[in-house]
Amino acid sequence: MKFFLDTANIDEIKRINDLGLCDGVTTNPSLVAKEGRDFEEVIKDIASTVDGPVSAEVTGLTYEEMVAEARELAKWADNIVVKIPMTEAGLKAVSTLSKEGIKTNVTLIFSVAQGLLAAKAGATYISPFIGRIDDMGENGIELIADLRQVLDIYDLDAEIIAASIRHIGHFEQAALAGAHIGTIPGTLFPKLWSHVLTDKGIDGFMKDWEKFTSNQKK
Ligand code: E4P
């Protein structure tokens with residue numbers, strides 16, 4: 001499983017990238033707006049920090065707007081992936097862009113049908129939103145498993161990015177369900193390596209070691 005960072009915050013990205021655990025980054029207009037910086041500056045900053053794919057989302061909603069924006073975004077860096085919303089115009093844009101060799105990430109996927117259509121249109125990545133599905137009282141992880149099955153049956157190239165991950169359980173279950181990638185919020189990522197019993201264990205080992213070494217000095 002590849003790990004993407006779901007944030008536009010450069011400090012969060014650098015922290016995980018320095019651990020060798022950042023395979024890519026996803027952003028969306030809400031995440032970029034939170035940084036209060038210029039969109040182009042933020043995306044170029046991220047794209048030059050990480051080696052892997054960096055998703056930048058279009059804001060136009062017509063086919064013409066999406067394609068024009070995507071062509072511009074793709075010029076900003078070699079590792080830019082254009083994020084396109086799952087609409088009729090979005091599917092048409094993905095189809096055009098894939099023929100031009102521009103990588104796309106179809107976002108806001110909430111059903112197997114949507115994922116299958118996006119993959120057939122030529123999406124490089126499809127992003128089902130687990131957390132938002134769970135918020136509706138449905139099961140986001142089931143959608144990941146179903147999408148993986150369908151992509152495998154029909155030998156489609158698109159990779160599944162488990163998005164809208166809210167907690168450690170989502171991350172673990174998405175991995176078990178066969179997501180190719182999990183995109184993890186910058187604030188959640190550090191919690192993945194933490195465990196109360198690890199901290200307790202280190203504390204106990206250190207106390208025993210201190211006792212042992214001070215007894216040896218006597
Ligand atoms: C990533 O591609 C999505 O934009 C993001 O995971 C959405 O997460 P949210 O549902 O917590 O806003």
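**Figure 1. Glutamate 40, a partly exposed residue with a relative accessible area of 31%, and its partner lysine 44.** Partly exposed falls between buried, under 20% relative accessible area, and exposed, over 50% (1.4 Å probe, protein chains only). This is a predicted model, so local features need pLDDT of at least 70 and side-chain atom pairs count only at pLDDT 80 or more, while totals for chains, interfaces and linings use all residues. Residues are numbered from 1 along each chain as its sequence is written, and side-chain values use heavy atoms, leaving out hydrogens and water. The two side chains meet in a salt bridge, 2.6 Å from N to O; the rule asks for a side-chain nitrogen of Lys or Arg within 4 Å of a carboxyl oxygen of Asp or Glu. Why do glutamate 40 and lysine 44 sit about one helical turn apart? Because they are four residues apart in helix α3. Lysine 44 is partly exposed as well, at 35% relative accessibility.

**Figure 2. A salt bridge between glutamate 57 and lysine 83.** Here the closest N and O atoms are 3.8 Å apart. The pair ties together distant parts of the chain, with glutamate 57 in strand β3 and lysine 83 in strand β4, 26 residues apart. Helices (H or I, at least four residues) and strands (E, at least two) are DSSP runs, numbered from the N terminus. Glutamate 57 counts as buried because its relative accessible area is 11%. Lysine 83 is buried too, with a value of 4%.

**Figure 3. Glutamate 100 reaches arginine 71.** These side chains form a salt bridge with an N to O distance of 2.5 Å. Again distant parts of the chain are linked: glutamate 100 is in the loop between α5 and β5, arginine 71 is in helix α4, and 29 residues separate them. Arginine 71 is partly exposed at 38% relative accessible area, and glutamate 100 is partly exposed at 39%. Elsewhere, Arg37, Glu41 and Asp45 are joined into one network by salt bridges that share partners. The salt-bridge count comes to 11.

**Figure 4. Strand β4, inside and out.** What do the side chains do along this strand? Ile80, Val82 and Ile84 point one way, Val81, Lys83 and Pro85 point the other way, and all are buried. That fits a general pattern: in a regular strand the side chains alternate between the two faces of the sheet. With six of its six residues buried, β4 is largely enclosed by the rest of the structure. Its parallel pairing with β3 runs over four bridges, where pairing requires DSSP to find at least two bridges between the strands. Valine 54 stands opposite isoleucine 80 of β4.

**Figure 5. The barrel and the helices on it.** Eight strands close into a barrel in the order β1-β2-β3-β4-β5-β6-β7-β8, paired in parallel. From one strand to the next, the twist averages 30°. Helix α3 (residues 39-49) packs on the sheet and touches β2 (24-26), β3 (54-57) and β4 (80-85), with its direction at about 165° to that of β3. Contact here means heavy atoms within 4.5 Å, and angles run from 0 to 180 degrees between N-to-C directions of axes, which are lines fitted to C-alpha atoms, for helices over the stretch in contact. Helix α4 (residues 63-76) lies across β3 and β4, running at about 160° to β4. Further round, β5 (residues 104-109) and β6 (residues 125-128) pair in the parallel sense over three bridges, and the β6 bridge partner of isoleucine 109 is proline 128.

**Figure 6. Serine 95 meets a residue 26 positions along the chain.** Serine 95 lies in helix α5 (residues 88-99). Its C-alpha atom and that of alanine 121 are separated by 5.0 Å. Serine 95 is partly exposed, since its relative accessible area is 24%.

**Figure 7. A nonpolar surface patch.** Leu19, Leu21 and Trp193 make up this patch, with about 270 Å² of accessible area together (Shrake-Rupley, 1.4 Å probe; for residues, only the protein chains shown count as cover). Patch members have over 30% relative accessible area and no salt bridge; nonpolar side chains (Val, Leu, Ile, Met, Phe, Trp, Tyr) are joined within 5 Å and like charges within 9 Å. Leucine 19 sits in the loop between α1 (10-17) and β2, and its 47% relative accessibility makes it partly exposed.
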